[in-house]
Amino acid sequence: MTKNDSHDVPTAGTSTSSDAADALERVSSGIYDLIGVRGKASNDQSTVLSCSDENRETHFRILHPWNFYPATASDLHVAMEQLKTELPKNGWRIADYGPDTSKNKNIRMTADNDDKKASIRVIEMAKNDPPKLSMDVVSGCFRIPDGQEIERF
């Protein structure tokens, strides 16, 4: 995977925004399968983002935010530990893990997958009502095929 010179955002190739969103939602689904505890995922839609230093008419990223709500609050930490164990077995490299600076000291994890050209940020929000894992799955920077326009959604 190549990186843009000015930022750590990987170049993800050429795609339409709808195809890229479908692919990223499949990545999210694979992450859901790794959680390994009973619970429910929110049904959030993907959105199109600009790439930092690229032309917003020709380049884009996809963000798929979603939440996982375990069936029982005691399973929240189990779900996070399961991801911490299973993501590396499935091509993800954990880049960051530990408590954040909020008063709740939420546990945060960031992982990157070079093959899928995607990253995930997971926040274990134990003090939320209900407790949840907050997920942001984001793609690398795509280029729209020549003659096509980026659909913004």
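Trainee: Which residues of α1 are buried?
Mentor: This is a predicted model, and buried here means under 20% relative accessible area. By that criterion, the buried residues of α1 are Ser17, Ala20, Ala21, Leu24, Val27, Ser28, Ile31, Leu34 and Ile35.

Trainee: What arc do the buried residues cover around the axis of α1?
Mentor: The directions are taken from the helix axis to the C-beta atoms, and the buried residues lie on the same side of α1 because the arc is narrow enough to put them there. On the other side of α1, Arg26 and Asp33 are exposed. The arc covered by the buried residues is only 125°.

Trainee: Which elements do the buried residues of α1 pack against?
Mentor: Contact here means heavy atoms within 4.5 Å. The buried residues of α1 pack against β3 (47-49), β4, α2 (75-89), β7 (118-125), β8 (132-139) and β9 (141-143).

Trainee: How far apart are the end C-alpha atoms of α1?
Mentor: The expected span is 1.5 Å times one less than the number of residues, so the 19 residues of α1 should span 27 Å. The model agrees with that expectation, as the end C-alpha atoms of α1 are apart by 27 Å.

Trainee: Which residue with a positive phi follows α2?
Mentor: Within α2, the residues Leu76, Ala79, Met80, Leu83, Glu86 and Leu87 are buried, and what covers them includes α1, β4, β5 (93-99), β6 (107-113), β7 and β8. After the helix comes a residue whose phi is positive, near 90°, and that residue is Gly91.

Trainee: Is Ser18 of α1 exposed, partly exposed or buried, and what is it that decides?
Mentor: Ser18 lies in helix α1, and it touches Glu151 and Phe153, not counting residues up to four places away in sequence. Buried would require under 20% relative accessible area and exposed over 50%. Because the relative accessibility of Ser18 is 28%, this residue counts as partly exposed.

Trainee: Which element gives the largest share of the lining of the second largest pocket?
Mentor: The second largest pocket has a volume of about 160 Å³, and the elements that give two or more residues to its lining are α1 (17-35) and β4 (59-70). The residues that line this pocket include Glu25, Ser28, Tyr32, His64 and Trp66, and by class the lining has three nonpolar, six polar and two charged residues. The largest share, four residues, comes from α1.

Technical notes: Residues are numbered from 1 along each chain as its sequence is written. This is a predicted model: local features need pLDDT of at least 70, side-chain atom pairs count only at pLDDT 80 or more; totals for chains, interfaces and linings use all residues. Side-chain values use heavy atoms; hydrogens and water are left out. On a 1 Å grid over the protein atoms alone, a cavity is a set of points where a 1.4 Å probe fits but cannot get out, and a pocket is an open set with protein on both sides within 12 Å along at least five of seven lines; lining residues have an atom within 4 Å of a point. Grid points are joined across faces, edges and corners, and a volume is the space filled by probe spheres set on the points. Ala, Val, Leu, Ile, Met, Phe, Trp, Tyr, Cys and Pro count as nonpolar, Asp, Glu, Lys and Arg as charged, and the others, Gly among them, as polar. Buried means under 20% relative accessible area, exposed over 50%, partly exposed in between (1.4 Å probe, protein chains only).
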